[in-house]
Amino acid sequence: MFEDGMPEGAVSPKLSYMAALAGQYLMAENTVADGGHVRTIAAGHYTVAGLSRHVRLGEFVAHRSATGIHLGEVVRVEPELTYVCPIEPGEPIGIHDIVIRKGAFRISPSDSWCGRTINSLGEPIDGLGPLTAGTDSRSISNTAPPSMTRKRVDTGFKTGVRAIDIFSPLCLGQRLGIFAGSGVGKSTLLSMLARANAFDKVVIALVGERGREVREFIEDTLGSHMQKSIAVVATSDESPMLRKMAPLSAITIAEYFRDRGDNVLLIVDSVTRFAHAIREVATASGEPPIARGYPASVFTELPRLLERAGPGPEGTGTITAIISILVDGDNHNDPIADSTRGILDGHIVLQRSLAEEGRYPPIDPLASVSRLARKAWTPDQEKLVSRLKALVHRYEETRDLRLIGGYRQGSDADLDMAVRQVPIIYEILKQTPGERPSADAFTDLATALKNGSVATAQPRAK
Ligand SMILES: Nc1ncnc2c1ncn2[C@@H]1O[C@H](COP(=O)(O)OP(=O)(O)OP(=O)(O)O)[C@@H](O)[C@H]1O
Ligand SMILES: [Mg+2]
């Protein structure tokens with residue numbers, strides 16, 4: 001029974017947590033001083049009269065209806081009317097229902113959340129019992145630490161994925177995007193990266209995924225790493241509000257661990273679906289689209305989210321963010337891909353043509369860039385990779401020529417070397433999620449080239 005006399009059975013099990021949460025708010029405030037009444041109702045949003053002077057954009061409100069208490073977010077404020085997007089679509093809203101201001105949405109992460117799967121509201125969804133709230137309550141709309149107080153990013157780490165460790169190595173606190181069309185291998189690569197040993201904690205936001213993939217990702221790929229991981233899930237059938245909140249809740253949890261000195265890996269699959277959710281919410285509140293149907297708020301929310309990742313201030317840990325970006329119709333210049341590429345410290349490009357050849361992970365070594373690679377390579381490794389890229393480029397640019405029989409061995413020494421070595425390089429870059437992560441990708445490469453009877457200078461170990 002809730003405080004307002006409503007029997008628990010009156011709301012669906014899925015809504016009961018939200019109702020309880022909203023109920024707590026209403027219990028704390030028995031007054032409607034910061035409240036108003038529902039004025040109009042439309043698909044995707046409702047308006048409230050009497051709240052405009054009290055609320056700020058992005059704050060939460062609690063709404064009492066005939067069947068229970070529900071949360072919503074303020075998405076537009078006009079002098080007379082406040083526009084609210086309900087967290088759950090289809091909640092029964094009536095004209096004149098009472099709506100009360102609740103402020104920023106907060107979660108209270110704790111160490112005991114490790115190993116658990118939760119929804120965007122911090123509610124457990126793994127059937128393993130209730131979660132204990134920590135003592136550190138944090139708004140999910142936090143801002144990034146001031147840039148001048150942040151540590152520098154200069155410590156390389158091994159992901160265990162050879163194609164990345166050789167061609168685009170990463171540093172702790174880096175923000176990396178994985179760009180690809182649908183079904184090319186983004187989630188699989190993310191699951192391989194989630195097993196990197198360099199991290200104390202792993203926080204995973206699965207946004208708009210199919211329900212089937214969620215269990216697969218968590219149970220099959222994380223395995224023993226689940227003990228140091230927390231998954232925040234909003235599947236494709238959930239409301240745009242919940243899908244929009246999942247990465248925000250995830251980064252808030254990552255910040256909690258970073259502030260305790262941990263090196264945290266944050267994975268978001270996918271940022272495009274986060275952008276789609278923002279677009280749905282914005283469209284419902286009447287915000288005009290400015291690029292391919294996306295409203296301006298998408299392009300402010302993306303940097304706000306991604307800036308929160310990175311190194312923390314001195315004395316804290318880091319958040320390394322690896323996010324996937326679905327490029328619509330394999331067009332790598334769509335607005336979301338374009339704007340995120342500019343914010344990130346590197347991008348890995350997956351090519352459908354490589355996946356079709358069975359070259360998994362289908363990472364294009366020439367199109368992928370880690371802007372912090374120089375801090376992760378030794379000088380010898382950097383020289384070697386620049387040589388490897390030249391060979392791969394030579395091999396690819398002469399592909400058609402060789403196919404039509406225009407290549408004669410002995411006429412171009414560089415091309416001869418490319419023809420001998422590049423197939424070996426491609427072979428060593430292949431990796432499946434079932435394989436052990438590579439302990440040292442450069443050693444693996446040197447061994448493969450040596451076994452392929454091709455001499456190469458083995459780079460000095462870092
Ligand atoms: N490293 C790999 N080794 C073997 N097969 C792979 C690998 N990566 C991807 N695949 C194959 O590609 C399929 C699609 O991969 P995945 O689900 O990761 O793509 P995605 O880009 O996340 O797709 P979506 O856009 O639908 O989310 C997998 O089911 C698997 O068959
Ligand atoms: Mg996927």
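**Exercise 1.** Which of the 16 residues around ligand 1 come nearest?

*Solution.* The model is predicted, so local features need pLDDT of at least 70 and side-chain atom pairs count only at pLDDT 80 or more, while totals for chains, interfaces and linings use all residues. Residues are numbered from 1 along each chain as its sequence is written, chains are lettered from A and ligands numbered from 1 in the order in which they are written, and side-chain values use heavy atoms, with hydrogens and water left out. Start from the shell, in which a residue is near if one of its heavy atoms lies within 4 Å of the ligand; Gly183, Lys186, Ser187, Thr188 and Arg210 come nearest. Next, sort the shell by class, which gives five nonpolar, eight polar (Gly among them) and three charged residues.

**Exercise 2.** Describe the polar contacts (pairs of N or O atoms within 3.5 Å) of ligand 1.

*Solution.* Take the oxygen atoms of the ligand: one is 2.5 Å from an N or O atom in the side chain of threonine 188, and one lies 3.0 Å from a backbone N or O atom of glycine 183. Then turn to nitrogen, where an atom of ligand 1 is 3.1 Å from a polar backbone atom of glutamine 431. The protein covers 73% of the 640 Å² of accessible area (Shrake-Rupley method, 1.4 Å probe) that ligand 1 has on its own.

**Exercise 3.** Is isoleucine 69 buried or exposed?

*Solution.* Buried means under 20% relative accessible area and exposed over 50%, with partly exposed in between (1.4 Å probe, protein chains only). Isoleucine 69 counts as buried because its relative accessibility is 3%.

Methods: Polar contact = N/O pair within 3.5 Å; in protein donor to acceptor, adjacent residues only side chain to side chain.
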